[in-house]
Amino acid sequence: MDPWRLHAPLLSPVSPTELRWHPSGAVAVGADGRMLYAGDAAALPEQLLALPARETSDVVLPGFVDLHTHLPQYDARGKFGMTLLEWLEHFIFPEEARFADDAVARDVSTRFFRGMLEAGTTTAMVFSSVHRSATHIAFEEAERSKLRVILGKVQMDRDVPAALLETADASIRDTEILIDAWHRKTERLWVAVTPRFAPTCSMDLMRRSAALAHRHGTYVQTHLNESEAEIRMVRALFPDAGSYTAVYRDAGLLGERTVLAHNIHASDEELDLCAQHRCAVAHCPDSNLFLGSGRFPLQRTLDRGIRAGLGSDVGAGTTLSMFGVMRSMCWVQARSLHPFLPLYFATRGGAEALSMDGDIGSLEQGKQADMVAVRVDRHFHRGRDLAHLKPLEIASALVYRSQPGDVREVWVGGESLYRAET
Ligand SMILES: [Zn+2]
């Protein structure tokens, strides 16, 4: 790729309470797709002024990180009427069973990654179905999309319909085949070992999954403490563990490369365990509102320094758009959150959760030029030049007013992969 530069208003999260706002900003992208510069255009180093330039009045942010979502549930969004366990049984397991058919897997995978790109998401951590072949196809489409994707074949060896049931031996074998084929095949692909959650996994399967992840240096993703009925079930299945989180600890699944989805109904001891093992949490507020799962313990999670980001959790989440998810993050707390916090969760927080913050998550020299350009409603600032907006005003517009269609262009590694038509 030829180096180039972009002149645009730039917004980049620094922490849950701080962001950088450069109304007259510039990014210079090197041949390797990393940023040579990101900041005020006026301070652009002279040698970069010779690069071919583009200009936009849209606000450019780091590409979104979707920390938890399910590819095979993409067409099952919005199936309302139940809480987690009934919803899985009635809608989701039959939907995932369709992925035994490669044609279904190809069709949905293609549309899923396209939808992700159009939503402005440039990195995603994704559950596939239980099928090895469908997961292979999902990886092919992930590679074709050029997004950064961490993907795993779901593992479950008990208490699921026969069409989705596997033995622990087959689960470990198939997961290892996928690791050999896809983990770090390109710099944008990773495998996550993916035991679905404790109710559908034997301790034997979870232990061997943890060992597999450790041996190959992959990620681990699973669900934790999403609904009260689920927690009761785990207590009955593992009466000696002490807590749901302790089941995963006993299996060896907790670690720095582990992302736990939800963790809503967590005791202080469980949050301490997460902090102690340096696990990350994917908060999925749109899904939590849809299934009535409960209120995420935001402050208790932040207080312990647990890394956390946002997940769309499609299909209990209704949208891949992180704008919708950021807003849900505010609504689920039943108060108006300072908008810096959801912006941070949707970008840098997710990158930190994946230990990828050296490469992505903010607009900074040396990081990958993963960016999204967003049109801000001019009526919000009464037609004033964006340069007159304060950071709080621009962040408020992005979090509380933006719609999926406001995504105008998306770059991964400095390459434009999506551009809105009008
Ligand atoms: Zn999920």
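## Close-up views of a predicted model

**View A. Both faces of strand β8 are covered in this predicted model.** Arg148, Ile150 and Gly152 lie on one side of β8, and Val149 and Leu151 lie on the other. Each of these residues is buried. The strand spans residues 148-152, and 5 of its 5 residues are buried, so β8 is largely enclosed by the rest of the structure.

**View B. Strand β8 pairs with β7.** β7 covers residues 121-127. The two strands, β7 and β8, run in the parallel sense and share 5 bridges. Look for Met125: this residue stands opposite Ile150 of β8. Helix α3 (residues 132-145) belongs to the picture too, since β7, α3 and β8 form a β-α-β unit. The unit is right-handed.

**View C. Strand β8 also pairs with β10.** β10 takes in residues 189-195. It runs parallel to β8, with 3 bridges joining the two. Val149 of β8 has Leu189 of β10 as its bridge partner.

**View D. Domain 1 meets domain 2.** Domain 1 is made of two segments, 4-62 and 362-419. Domain 2 is 64-320. Their centres, taken over C-alpha atoms, are 31 Å apart. At the contact, 10 residues of domain 1 touch 11 residues of domain 2. On the domain 1 side, β16 (407-412) and β17 (415-419) are the elements that each give two or more residues. That side has 8 nonpolar and 2 charged residues, and no polar ones.

Definitions and conventions:
Residues numbered from 1 in each chain as written. Predicted model: local features only at pLDDT ≥ 70, side-chain atom pairs only at ≥ 80, totals over all residues. Domains from an automatic or database assignment. Contact = placed C-beta atoms within 7 Å. Helix = DSSP H or I, 4+ residues; strand = E, 2+ residues; numbered from the N terminus. Nonpolar A, V, L, I, M, F, W, Y, C, P; charged D, E, K, R; others polar. Buried ≥ 20, exposed ≤ 12 C-beta atoms within 10 Å, placed from the backbone. Pairing = 2+ DSSP bridges. Right-handed = clockwise from strand over helix to strand, strands pointing away.
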